[in-house]
Amino acid sequence: MSTSLSNTSTVRAGRWVYGASVALLCAWVLVPIYLLLVNTLSSPAAVSGFPKSFVPEFDTASLEFFAGFSGMVSALINSIYVAAITMVLSIVIGAPAGYALSRFDFKGKELFRLLILLTRAFPLPLLALPLTVMFIQVGLDDTIFGLALVHTTLAIPFAVLITFSLFSGIPVELEEASWTLGCTRLTGFRYVVLPLILPGITASAIFAFVISWNEVFAAAVLTIENRTLTAFLLQNLDTSPLHLKFAGGFILVVPALVFIFAVRKYLFAMWGIANR
Amino acid sequence: MKTIKSKLALAIALPAAIIANAASADVLFWSTQAKPVQEQQAMREQVLAGAGTVDYQANDGGPWLTRLQAELEAGSGSIGVLGALHGDYAAMDAADLVDLSDLGVESNSATFNNLAKLGESSLQYIPWMQASYIMAANKEALQYLPEGANIDALTYDQLIAWAANVHEATGEPKFGFPAGPKGLKHRFFQGYLYPSFTDGVVRTFASDKAVGAWEKFLELWEHTNPASTNFSFLQEQLLSGDAWIAFDHTSRLAQAFNERPDDFVAFPAPAGPEGRGFMPVLAGVAIPRTAPDMDAAKELVQHMLKPETQIATLRATNFFPVVDVNLPGDLPPAVAAAGNAVAKMSSSSDANPGLLPAGLGSKGGDFSKVYSDTFERIVLAGQDIRMVLDDQKGKLAAIMNETGAPCWAPDAPSEGACPVE
């Protein structure tokens with residue numbers, strides 16, 4: 001009797017800890033975003049005042065300022081283009097590299113894996129000067145495609161490493177079975193492997209998107225007329241009044257949230273694979 | 001698969017369309033000034049409205065310089081006009097800037113025009129706008145002014161007594177100092193504390209008078225909000241009530257006066273035994289040698305110096321004109337308040353103006369770092385003043401010797417590099 005009692009209390013305590021952890025993790029993510037929202041929808045006086053209210057007063061003046069801020073919309077569109085191109089390029093280049101790393105043995109494989117990571121070893125401010133000089137000479141300067149190339153370089157290590165571990169998780173026997181049933185390497189990949197790793201590809205696409213979305217320095221130096229939202233807004237928010245900081249931060253966060261929300265089901269599917 | 005293909009097509013088609021778009025005839029105004037978003041907006045809509053198609057882009061110092069260097073190195077570029085502080089230009093090679101003497105515009109101050117020559121014989125940039133650092137206080141603090149103190153002619157002792165009174169009355173230290181990561185604390189030491197106590201900046205860096213200056217500053221620090229190491233724009237702390245008495249750049253106090261003009265007063269910086277030290281801030285416009293359309297760029301520079309543009313710039317940025325203008329009566333509260341304080345400061349009988357550091361070239365940042373580091377070691381780390389000054393003195397002397405920069409006011413003139421005595 002006593003053992004079963006202590007068991008139920010242990011289970012209850014376990015549930016409580018579980019629930020509390022879930023609540024804490026949710027709060028960890030949601031509270032800052034909520035505070036951002038509250039301050040975005042508050043008047044300047046309320047933002048710098050104290051004590052703070054946890055209920056927004058729905059003052060849209062800060063957001064209206066950005067609605068009338070010339071160049072915002074085109075910067076937003078540029079950001080989406082750059083992030084989309086970065087996403088596509090990093091998958092198109094990164095996924096085959098991940099496949100090769102997982103399926104084939106070749107000389108210098110370890111070195112190759114290390115070299116891929118090396119692109120993240122140098123700070124961009126260091127690379128930006130020679131890169132810009134080259135871009136100006138080649139004619140890639142101030143183009144969305146040129147900036148996407150730089151962001152792709154930054155995103156590829158993640159694309160390669162994520163797809164590498166995904167391909168490694170898929171037994172090569174599955175592929176071999178498809179070959180015996182008349183598939184070529186290509187069609188076997190197309191009909192057997194690809195459907196299995198699609199969620200993982202989505203995950204690395206999200207990484208690529210977020211890396212591109214958040215990058216400031218290269219964007220500020222490499223684009224002039226075609227600025228991305230971060231180059232256009234983020235580097236100038238630090239010196240702006242508090243209420244505009246909040247509103248600007250909100251504007252920067254929302255599109256990325258919307259994107260992640262839109263692709264979330266693929267992400268959950270990937271976690272499903274990992275649990276398999 | 002199909003979607004991936006169409007995405008690829010998009011990826012290839014879009015940049016092509018965008019490359020074609022980029023070839024427009026705007027003059028690119030590449031600036032480190034008027035960075036806050038609402039100032040950018042005002043620059044675009046008001047200041048540059050009558051100047052043809054101008055693309056005004058404000059940047060952090062890093063991207064600003066990197067982009068400029070890349071264009072100079074590549075030999076071609078898209079930047080038409082530069083807007084930056086005197087110190088930014090002083091760090092550049094004067095040969096990279098177009099000689100602007102034949103434009104027929106200059107400031108009404110011989111000192112500024114001389115600085116704008118960057119050591120050459122002709123104008124390398126045109127002075128564009130000026131500002132300074134002043135004090136501001138919440139009106140609630142005025143009741144604690146020490147007896148006999150005139151707020152327009154405070155001494156450092158009176159300021160400390162005042163801050164102490166407020167501290168005692170409210171139970172909180174309410175002096176605000178811009179010691180945050182983006183704060184302009186080094187300018188306080190270079191242009192205010194050192195000239196006021198030692199009548200010098202470089203020569204007197206480690207003098208006995210300098211020890212006295214730092215001792216006074218430590219007294220003030222006792223009544224300074226310790227969160228000051230996180231303050232970079234004192235307008236925020238004035239508005240939130242974290243600071244009742246504050247020192248900062250005029251444009252970094254402006255929001256407080258504009259939002260609640262009846263709650264705050266602006267007043268001159270305090271005076272020490274060697275006078276009332278203060279420092280101007282000078283921004284200029286220049287044209288890089290790689291400007292794509294030289295005529296349009298020169299026209300824009302001329303536009304920036306027109307009296308009506310200067311007044312519009314004042315409204316937009318809270319930086320004051322550098323040419324003779326008739327100021328209209330309906331200026332924003334911050335402009336009136338700051339303008340009064342600066343005027344009182346510069347016309348006070350004990351005024352001891354310090355000039356901007358000159359001749360340091362690319363070492364301007366290192367020069368300021370000597371003062372910031374000294375502050376951190378003495379005030380934040382609590383190290384012995386004499387020991388820190390003797391230690392930092394070597395670094396300062398090395399910078400002066402390397403650049404060969406001669407002394408500037410209030411230091412006595414030197415032959416060759418300004419000595420650290």
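In which hand does helix H8(A) cross helix H9(A)? I would like to start there this morning, bearing in mind throughout that what we have is a predicted model. The crossing in which H8(A) passes H9(A) is right-handed.

To place these two elements for you, H8 covers residues 172–180 of chain A and H9 covers residues 185–214 of chain A, and the two pack with their axes 10 Å apart, at an angle of about 135°. Since angles over 145 degrees would count as roughly antiparallel and 65 to 115 as roughly perpendicular, H8(A) and H9(A) are therefore oblique to each other. On the H8(A) side the residues that take part are A:Leu174, A:Glu175, A:Ser178 and A:Trp179, and they meet A:Gly188, A:Tyr191, A:Val192 and A:Val193 of H9(A). Sorted by class, this contact is made of 5 nonpolar, 2 polar and 1 charged residues.

Let me turn next to the domains of chain A, which is divided into domain 1, residues 1–68, and domain 2, residues 71–275. Their C-alpha centres lie 31 Å apart, and the contact between them takes 13 residues from domain 1 of chain A and 12 residues from domain 2 of chain A. On the domain 1 side, two or more residues are given by each of helix H1 (2–40), helix H2 (44–48) and helix H3 (61–67) of chain A, with H1(A) providing the largest share, 5 residues. That side of domain 1 of chain A divides into 8 nonpolar and 5 polar residues, with no charged ones.

Chain B is also divided into two domains, and here each is written as two segments: domain 1 is 2–130 + 281–331, and domain 2 is 132–280 + 351–403. The C-alpha centres of these domains of chain B lie 31 Å apart, and their contact draws 13 residues from domain 1 and 15 residues from domain 2.

Finally, how many residues does each chain bring to the contact between chains A and B? Chain B gives 40 residues and chain A gives 37 residues. Several elements of chain B supply at least two residues each to the side that touches chain A, among them helix H1 (2–22), strand S2 (54–58) and helix H3 (61–74), and the largest share, 9 residues, comes from H3(B). By class, the residues on this side of chain B divide into 15 nonpolar, 14 polar and 11 charged.

How values were computed: Residues numbered from 1 in each chain as written. Chains lettered and ligands numbered in written order. Predicted model: local features only at pLDDT ≥ 70, side-chain atom pairs only at ≥ 80, totals over all residues. Axes fitted to C-alpha atoms, helices over the stretch in contact; angles between N-to-C directions. Helix = DSSP H or I, 4+ residues; strand = E, 2+ residues; numbered from the N terminus. Parallel < 35°, antiparallel > 145°, perpendicular 65-115°, else oblique. Left-handed = near helix turned anticlockwise from the far one by under 90°. Contact = placed C-beta atoms within 7 Å. Nonpolar A, V, L, I, M, F, W, Y, C, P; charged D, E, K, R; others polar. Domains from an automatic or database assignment.
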